[in-house]
Amino acid sequence: MAQTLTVLGLESSCDDTAAAVVRQSGVDRAEILSSIVYGQTELHSAYGGVVPELAARAHAEKLDQCVRDALSAAELTLAELDAVAVTAGPGLIGGVMSGVMCAKGICAATGLPLVGINHLAGHALTPRLTDAISFPFLMLLVSGGHCQYLLVRAPDDFTRLGGTIDDAPGEAFDKTARLLGLPQPGGPAVQAEAITGDPRRFRFPRPLLDRDDCNLSFSGLKTALLRQRDQIVAEKNGITRQDRADMCAGFQAAVADVLAEKTRRALRIYLAEGPSEPILAVAGGVAANTAIRGALESVADEMGTRFLAPPLALCTDNAAMIAYAGIERFRNGARDGMDLAARPRWPLDNISPALLGSGRKGAKA
Ligand code: KG4
Ligand code: ZN
């Protein structure tokens with residue numbers, strides 16, 4: 001009978017300071033006892049992106065309180081925990097170091113074991129936390145910082161089938177919103193505009209569909225949108241609401257088409273391995289987009305695969321996923337010492353060739 005484990009998780013790799021407590025009794029479904037997230041959106045809003053130095057300082061200031069809040073919401077003390085799991089990369093180094101130092105401090109003071117977690121593994125294992133699914137499954141991470149297909153075989157066994165070679169899709173949504181004078185974060189704003197738009201009026205490129213792999217590219221799409229906007233402005237001296245809605249709809253349709261087609265290819269590779277209960281899971285803020293979600297769901301349907309999207313609060317950055325990944329790794333015997341290093345880059349898959357870029361948080365994978 002597997003042991004009951006209660007693990008504190010810490011996350012501070014980008015612009016969310018988070019702490020959570022997750023418990024798993026034996027092999028039962030894990031339970032989130034608390035999950036606290038302090039976002040930094042306001043702190044960075046004047047700069048048009050995350051400022052690493054500001055982020056690191058805010059993490060360092062907030063982590064202690066965040067841990068206290070997570071423990072009190074879980075009605076537990078440190079003495080009742082079995083381990084501390086912390087994001088040790090990839091991400092913005094100052095933030096990751098804040099988290100790792102905080103976790104080491106707790107472990108040094110209490111004697112609790114320390115487990116370093118790859119942030120991407122946290123995202124990738126989330127469907128096991130929410131739905132207790134079995135390996136192997138296919139995971140598509142789509143956010144402002146990540147975009148990759150992962151074949152997940154075990155808590156420490158990931159194969160990256162492909163990913164973005166430049167921007168992440170959320171980043172492209174954010175830039176599109178900026179170009180069209182819409183608020184940040186751009187994804188929800190662009191989606192709302194697209195509702196009244198005609199996706200067929202402007203034909204934006206579908207990059208890399210001519211290449212028979214699972215890699216994606218979104219930076220050309222943003223350039224095409226910029227050119228289209230400038231052309232309309234030159235012709236009419238400005239853009240109307242309808243022009244804007246049509247551009248949003250065209251852009252969203254292009255992203256959805258590309259993701260759908262590349263997902264079809266990734267699914268083909270995954271299904272060729274003969275999984276007994278095939279599952280396509282998504283994570284990341286962009287998975288909230290109804291058009292994209294719909295497109296992915298129909299590809300999964302068409303290929304006889306179950307589609308799974310965890311609740312949004314667990315799709316975006318959080319510490320419950322880190323605590324849960326900690327439980328999985330701890331059960332497998334993983335323990336880290338006080339020499340655990342913060343790693344700005346940390347590919348999940350050391351075998352597949354490195355990608356050129358992977359979103360606004362820097363080349364992570
Ligand atoms: O996962 P997330 O909260 O943070 C990281 O980037 O890691 O994702 C945020 C991204 C932003 O770029 C935001 O514009 C995008 O997800 N997003 C959306 C939608 N909601 C959030 N993109 C498209 N459609 C949406 N409805
Ligand atoms: Zn993330």
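Four donor atoms around a metal count as tetrahedral if all angles lie between 85 and 135 degrees, and as square planar if opposite donors are over 155 degrees apart and all others between 65 and 115, anything else being irregular. In this predicted model, the four donor atoms around the zinc ion (ligand 2) subtend angles of 89 to 158 degrees, and the arrangement is therefore irregular. The donors are the NE2 atoms of H119, H123 and H146 together with an OD atom of D317, and they coordinate the zinc ion (ligand 2) at 2.1 to 2.4 Å. Along the chain, these donors follow the spacing H-x3-H-x22-H-x170-D.

Two of the donor residues, H119 and H123, belong to helix α4, where they stand four residues apart, or about one turn of the helix. Both are enclosed by the protein: H119 has a relative accessibility of 0% and H123 one of 2%, and because buried means under 20% relative accessible area, H119 counts as buried and H123 does so too.

Helix α4 itself covers residues 119-131, and its length can be checked by a simple argument: at 1.5 Å a residue, its 13 residues should span 18 Å, and since the end C-alpha atoms are 19 Å apart, the expectation and the model agree. The helix nevertheless carries a kink of about 40 degrees at L125, which lies shortly before the proline P127. Burial extends along α4, in which 12 of the 13 residues are buried, among them L125, P127 and R128. At the N-terminal end, α4 is capped by N118, a side-chain oxygen of which lies 2.8 Å from the backbone nitrogen of L120. Beyond the other end, α4 is followed by A132, a residue other than glycine whose phi is nevertheless positive, near 50 degrees. A132 is found in the loop between α4 and β6 (137-142), and with a relative accessible area of 42% it counts as partly exposed.

A further residue with links to the donors is E11, which lies in strand β1 (residues 5-11) and is buried, its relative accessible area being 0%. Leaving aside neighbours within four places in sequence, the contacts of E11 include the zinc donors H119 and D317 as well as T87, N318 and A319. The side chain of E11 also takes part in polar contacts, one of 2.7 Å with the side chain of S13 and another of 2.6 Å with the side chain of T87.

Other backbone features were found in loops elsewhere in the chain. The peptide bond from G89 to P90 is cis, with omega near -10 degrees, and P90 is located in the loop between β4 (83-89) and α3 (93-110). A cis peptide bond also joins Q184 to P185, with omega near -5 degrees, and here the proline P185 sits in the loop between α5 (169-179) and α6 (186-194). Finally, L208, although not a glycine, has a positive phi of about 65 degrees. This residue is part of the loop between α6 and α7 (219-236), and at 15% relative accessibility L208 counts as buried, whereas A132, the residue with positive phi that follows α4, is partly exposed.

Notes:
Residues are numbered from 1 along each chain as its sequence is written. Chains are lettered from A and ligands numbered from 1 in the order in which they are written. This is a predicted model: local features need pLDDT of at least 70, side-chain atom pairs count only at pLDDT 80 or more; totals for chains, interfaces and linings use all residues. Side-chain values use heavy atoms; hydrogens and water are left out. The expected span of a helix is 1.5 Å times one less than its number of residues. The bend at a residue is the angle between axes fitted to the seven residues ending there and the seven starting there. Buried means under 20% relative accessible area, exposed over 50%, partly exposed in between (1.4 Å probe, protein chains only). A polar contact is a pair of N or O atoms within 3.5 Å; within protein, one must be able to donate a hydrogen and the other to accept it, and residues adjacent in sequence count only if both atoms are side-chain atoms. Donors are N, O and S atoms within 2.8 Å of the metal (3.2 Å for Na, K and Ca); water is not among the atoms, so sites may look incomplete. Four donors count as tetrahedral if all angles lie between 85 and 135 degrees; four count as square planar and six as octahedral if opposite donors are over 155 degrees apart and all others between 65 and 115; anything else is irregular. Contact means heavy atoms within 4.5 Å.
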